[in-house]
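Q: Please take a close look at one hairpin in this chain. Work outward from there to the parts around the hairpin.

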Amino acid sequence: MESKRTGRREFIRTVSAVAVGAALTQAKAADVKTSGKRIATFSCDVTPPLPPVIESPVAWQVLPTGTVLFAGSAEPRSHVSIWDSARLVGATTADSTGAFALTPAEPLGQGPHYAVARATDAAGNQSLRSQDVPFGVDTAAPDAPTLLSP
């Protein structure tokens, strides 16, 4: 189609749905007056990242403090959200190797907890949930022993 304002030919293509996976498209344009050719190649990332892997805390670990270090691996440079059951406790960015670490601003409370993580890549694709990691926080000192007999 030709633009009425500039007299240049324009190529417009709208993609409404793309199959899962990376799509590659090339557009070529030739200007008859200058014989210049322009080629634009781009890819469309529609593949979600793999679910993150939470390596810390370890499943079924009982921690003596509510200051918990969540660490693990995800797609490199992805945005990682960490959840304690249904409550978002924080988010961080995985480094170039995919490693991530986060200590929430607020300590977690006494009792059982379930850590879950999700990754979102630069294209906005969101991973499935990581496997739940059950752990506990026990900051209470045990009761003093009672002597039952001399």
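**A hairpin and its surroundings**

A: Strand 6 and strand 7 (residues 87–93) pair antiparallel, over six bridges. The model is predicted. One bridge joins Trp83 to Leu88 in strand 7. The two strands make a hairpin, with two residues between them. Ser85 sits in that turn and has a positive phi of about 55°.

Strand 6 has a further partner. It pairs with strand 9 in the antiparallel sense, again over six bridges. In this pairing, His79 stands opposite Thr120 of strand 9. Strand 6 thus pairs with strand 7 and with strand 9.

Now step back along the chain. Arg77 lies in the loop between strand 5 (70–73) and strand 6. Its relative accessible area is 60%, so Arg77 counts as exposed. Exposure does not leave Arg77 without contacts. Leaving out residues up to four places away in sequence, Arg77 touches Thr93, Ala94, Asp95 and Ser96. Thr93 falls within strand 7, residues 87–93. Arg77 and Ala119 are 42 residues apart in sequence, yet their C-alpha atoms are 9.6 Å apart in space.

Next, the core. The largest nonpolar core has 18 residues. Strand 6 (79–84) gives two or more residues to this core, as do strand 8 (99–102), strand 9 (111–120) and strand 10 (133–137). Val80 and Ile82 are among the residues with the most contacts inside the core, along with Val68, Phe70, Leu108 and Phe135. In soluble globular proteins, nonpolar side chains tend to be buried together.

Val68 shows some of these contacts. Beyond residues up to four places away in sequence, its contacts include Leu108 and Phe135. Val68 also touches Pro57, Leu63, Leu102, Thr103, Pro104 and Val137.

Past strand 9, the chain enters a loop that runs to strand 10. Asn125 lies in this loop. Is Asn125 buried or exposed? Asn125 is buried, because its relative accessibility is 15%, under the 20% cut-off. Its side chain has polar partners in the backbone. A polar atom of that side chain lies 3.0 Å from the backbone oxygen of Asp45. The backbone oxygen of Thr47 lies 3.4 Å from a polar atom of the Asn125 side chain. Asn125 also touches Val46, Pro48 and Pro49. Its contacts include Ala119 and Thr120 as well, which leads back to strand 9. Thr120 is the residue that His79 stands opposite.

Further on is a charged pair. Arg129 and Asp132 meet through their side chains in a salt bridge, at 2.6 Å from N to O. Side chains of opposite charge can pair when their charged atoms come close. A search of the whole structure finds one salt bridge. Arg129 is partly exposed, at 46% relative accessibility. Asp132 is partly exposed too, with a relative accessible area of 42%.

Last, the whole chain. It has zero helices and 10 strands. Of its 150 residues, 28% are buried. Among contacts with a separation of 6 or more, 52% link residues 24 or more positions apart. The accessible surface comes to about 10900 Å², and carbon and sulfur atoms account for 56% of it.

Notes:
Residues numbered from 1 in each chain as written. Predicted model: local features only at pLDDT ≥ 70, side-chain atom pairs only at ≥ 80, totals over all residues. Heavy atoms only, no water. Core = buried A, V, L, I, M, F, W, Y, C linked by side-chain atoms within 4.5 Å. Buried < 20%, exposed > 50% of the residue type's maximum accessible area, 1.4 Å probe, protein only. Helix = DSSP H or I, 4+ residues; strand = E, 2+ residues; numbered from the N terminus. Contact = heavy atoms within 4.5 Å. Salt bridge = Lys/Arg side-chain N within 4 Å of Asp/Glu carboxyl O. Areas by Shrake-Rupley, 256 points an atom, 1.4 Å probe, with all protein chains shown as cover. Pairing = 2+ DSSP bridges. Polar contact = N/O pair within 3.5 Å; in protein donor to acceptor, adjacent residues only side chain to side chain.
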